[in-house]
Amino acid sequence: MELSQSKERIDAWFSDKEPEMLSMLERIVNMDSFTNDAADVNKVGEVVTGWLAEAGFHTAKLPKKPAPADEQWMNGLGNVFSARTHSVECGPGVAFIGHMDTVFPAGTAGARPFRLDRAADRATGPGVTDMKAGIVQNMFVARALKELGLMDVPMTLTFSPDEELGSPSTT
């Protein structure tokens, strides 16, 4: 298939997805996900992998490794979540990597919820650009490629719970 044909198919797939993408962005921006709050970060992971599971991705909440004795603070971090088009044995293939955590403490999402200003072509809210919009982009691009059959290698989406601290549990 020529590149122009693939582009046409992708454009057609995305032609009516803006409301769904904005809805997902609003949903996860309005979820607190402070790095040190494992429960809140994991709720974001459950939402994004749940949506991908509906599209036939193999999803997982990866078990946490035991924290080193001198790094017990790591026990308060969330889990890594993943979504794959193929089984783990096929390898990672193309990797889509993003992080779910933000620097904003609990309560920020309620105090400053998602807001879309179409006139200014701007969305605001805690974590909207770092990096919840990126997560939504990864989700939708991977799903489009899968549903259209345009990616003939495995795809793996990884969602880190602790990028704001240097990704200690993700590495």
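Which residue in E6 is the bridge partner of Ser82? Keep that one in mind, everyone, and I'll come back to it once we have the overall picture.

First, some ground rules. What you see is a predicted model, in which local features need pLDDT of at least 70 and side-chain atom pairs count only at pLDDT 80 or more, while totals for chains, interfaces and linings use all residues. Residues are numbered from 1 along each chain as its sequence is written, and side-chain values use heavy atoms, with hydrogens and water left out.

Now the overall layout. We have 5 helices and 6 strands in the chain. When I say helix or strand, I mean DSSP runs numbered from the N terminus, H or I with at least four residues for helices and E with at least two for strands. Walking along the sequence, you meet them in the order α-α-α-β-β-β-α-β-β-α-β.

How about overall dimensions? The C-alpha trace spans about 55 × 45 × 25 Å along its principal axes. The radius of gyration is 17 Å, which agrees with the value near 16 Å for a compact globule of 171 residues. That radius is taken over C-alpha atoms, and the globule rule is 2.2 Å times the number of residues to the power 0.38.

Let's talk about the surface. The chain exposes about 9,100 Å², and carbon and sulfur atoms supply 54% of that; the areas come from the Shrake-Rupley method with a 1.4 Å probe, and for residues only the protein chains shown count as cover. Of the 171 residues, 42% are buried. Buried here means under 20% relative accessible area, exposed means over 50%, and partly exposed is in between, with a 1.4 Å probe and protein chains only.

One more chain-wide number, on contacts, meaning heavy atoms within 4.5 Å. Take contacts between residues at least 6 apart in sequence: 72% of them join residues at least 24 apart.

Right, on to strand E6, residues 155-160. Here 6 of the 6 residues are buried, so the strand is largely enclosed by the rest of the structure. Met155, Leu157 and Phe159 point one way, Thr156, Thr158 and Ser160 point the other way, and all are buried.

Who pairs with E6? Two strands count as paired if DSSP finds at least two bridges between them. Strand E2, residues 81-84, pairs with E6 in the antiparallel sense over 4 bridges. And here is the reply to my opening: Ser82 has Thr158 as its bridge partner in E6. Strand E3, residues 94-99, runs parallel to E6, joined by 6 bridges. In that pairing Val94 stands opposite Met155.

Let's stay with Thr158 for a moment. Leaving aside neighbours within four places in sequence, Thr158 is in contact with Val80, Phe81, Phe96, Ile97 and Gly98. Thr170 is 12 residues away along the chain, and the C-alpha atoms of Thr158 and Thr170 are separated by 9.0 Å.

Next stop, helix H4, residues 108-111, where we find Ala111. Is Ala111 buried or exposed? Ala111 is exposed, with a relative accessible area of 63%. Its C-alpha atom is separated by 20 Å from that of Ala38, 73 residues apart along the chain.

Arg112 sits in the loop between H4 and E4 and is partly exposed, at 43% relative accessible area. Again leaving aside neighbours within four places in sequence, Arg112 is in contact with Phe104, Gly125 and Pro126. The C-alpha atoms of Arg112 and Phe96 are separated by 28 Å, with their positions 16 residues apart along the chain.

Finally, some backbone details to look up in the viewer. Most residues other than glycine have a negative phi, and most peptide bonds are trans. Asp121 has a positive phi, near 55°. You'll find Asp121 in the loop between strand E4 (115-117) and strand E5 (122-124), and it is exposed, with a relative accessible area of 73%.

Ser167 also has a positive phi, of about 60°. Ser167 lies in the segment after E6 and is buried, with a relative accessible area of 15%.

Last of all, where is the cis peptide bond that involves Met131? That bond runs from Asp130 to Met131, with omega near 0°. Met131 has its place in helix H5, residues 128-148.

Thanks for listening, and do rotate the model while we chat!
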